[in-house]
Amino acid sequence: MPTFQIRHGGTGAVLWTGAAANEIQAMDAMAHDAGYYDHSDLPENMCTGLKVEALSFGTARGLASAGRTQGGRSGQFVMGTTINDRNLDRAAG
């Protein structure tokens, strides 16, 4: 399953990183982790300028253990904290 990262377009802050089948599922997982039902419930000012990017890694990493898993999605809502390869490995370990 691809790994996605969602950033705030204006500040570049990483809002969520995790596995999802597609961009919409990634947005839904981010919203759910923030306490919303899905991305359609997010406030308009939060949705403005969001950038969803599929990440690629050199090797498979078993990211599902790094965060919540529900409905085939896993991830972490990180609001202002960058998750990179080093602390993903730490969270999975």
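This is a walk through the structure in your viewer, one selection at a time.

**Whole chain**

Start with everything shown as a cartoon, and keep in mind that this is a predicted model. You should be able to pick out three helices and five strands. Trace the protein chain from its start and the order reads β-β-α-α-β-β-β-α. Of the 93 residues, 31% are buried. Switch on a surface if you like: the protein chain exposes about 5,300 Å², with carbon and sulfur atoms supplying 50% of that. Among contacts with a separation of 6 or more, 55% are between residues 24 or more positions apart.

**Colour by confidence**

Before zooming in, colour by pLDDT. The average for the protein chain is 75, and 61% of the residues score at least 70. Which elements have the highest and the lowest mean pLDDT? H1 comes out highest at 94, while strand S4 (residues 68-70) is lowest at 44. Now select residues 63-71: pLDDT is below 50 over this stretch, which has 22 contacts in the model beyond near neighbours in sequence. Do likewise with residues 80-88, where pLDDT is also below 50; here the count beyond near neighbours is 13 contacts. Where pLDDT is low, the predicted coordinates should not be read in detail. The rest of the tour goes elsewhere.

**The S1–S2 hairpin**

Select S1 (3-8) and S2 (14-19). These two strands run antiparallel and are joined by five bridges. Two pairs make handy landmarks: Thr-3 stands opposite Ala-19 in S2, and Ile-6 stands opposite Trp-16 in S2.

Show the side chains of Gln-5 and Thr-17 next. A polar contact of 3.3 Å links them. Thr-17 sits in strand S2. Is Thr-17 buried or exposed? With a relative accessible area of 4%, against a cut-off of 20%, Thr-17 is buried.

Thr-17 has plenty of company: six of the six residues in S2 are buried. Val-14, also in strand S2, counts as buried because its relative accessibility is 1%. Try a distance label from the C-alpha atom of Val-14 to that of Lys-51: you should get 9.5 Å, although the two are 37 residues apart along the chain.

Now move to the turn of the hairpin, which has five residues between the strands. Gly-12 takes a positive phi near 80 degrees here. Gly-9 lies in this loop between S1 and S2 as well. At 31% relative accessibility, Gly-9 counts as partly exposed. Leaving aside neighbours within four places in sequence, Gly-9 touches Gly-49, Leu-50 and Lys-51. Its C-alpha atom is 9.5 Å from that of Val-52, which is 43 residues away along the chain.

**Across to S3**

Add strand S3 (residues 50-55) to the selection; S1 pairs with this strand too, antiparallel and through six bridges. Gln-5, the partner of Thr-17 in that polar contact, stands opposite Glu-53 in S3.

**Helix H1**

Select residues 23-33 for helix H1. What caps its N-terminal end? Asn-22 does, with a side-chain oxygen lying 3.1 Å from the backbone nitrogen of Ile-24. At the other end, just after H1, Gly-35 takes a positive phi of about 100 degrees. Show the buried residues of H1 as sticks: Ala-26, Met-27, Asp-28, Ala-29, Met-30 and Ala-31.

**Into the core**

Finish with the side chains of Phe-4, Ile-6, Trp-16, Ala-26, Met-30, Leu-42 and Leu-50, shown as spheres. These have the most contacts inside the largest nonpolar core, a group of 13 residues. S1, S2 and H1 are the elements that give two or more residues to this core. Which element gives the largest share? H1 does, with five residues. In soluble globular proteins, nonpolar side chains tend to be buried together.

For a last view, keep that core on screen with the S1 and S2 strands as cartoon. Ile-6 and Trp-16, the facing pair from the hairpin, are among the core residues with the most contacts.

Conventions:
Residues numbered from 1 in each chain as written. Heavy atoms only, no water. Helix = DSSP H or I, 4+ residues; strand = E, 2+ residues; numbered from the N terminus. Buried < 20%, exposed > 50% of the residue type's maximum accessible area, 1.4 Å probe, protein only. Contact = heavy atoms within 4.5 Å. Areas by Shrake-Rupley, 256 points an atom, 1.4 Å probe, with all protein chains shown as cover. Core = buried A, V, L, I, M, F, W, Y, C linked by side-chain atoms within 4.5 Å. Pairing = 2+ DSSP bridges. Polar contact = N/O pair within 3.5 Å; in protein donor to acceptor, adjacent residues only side chain to side chain. pLDDT = per-residue confidence, 0-100.
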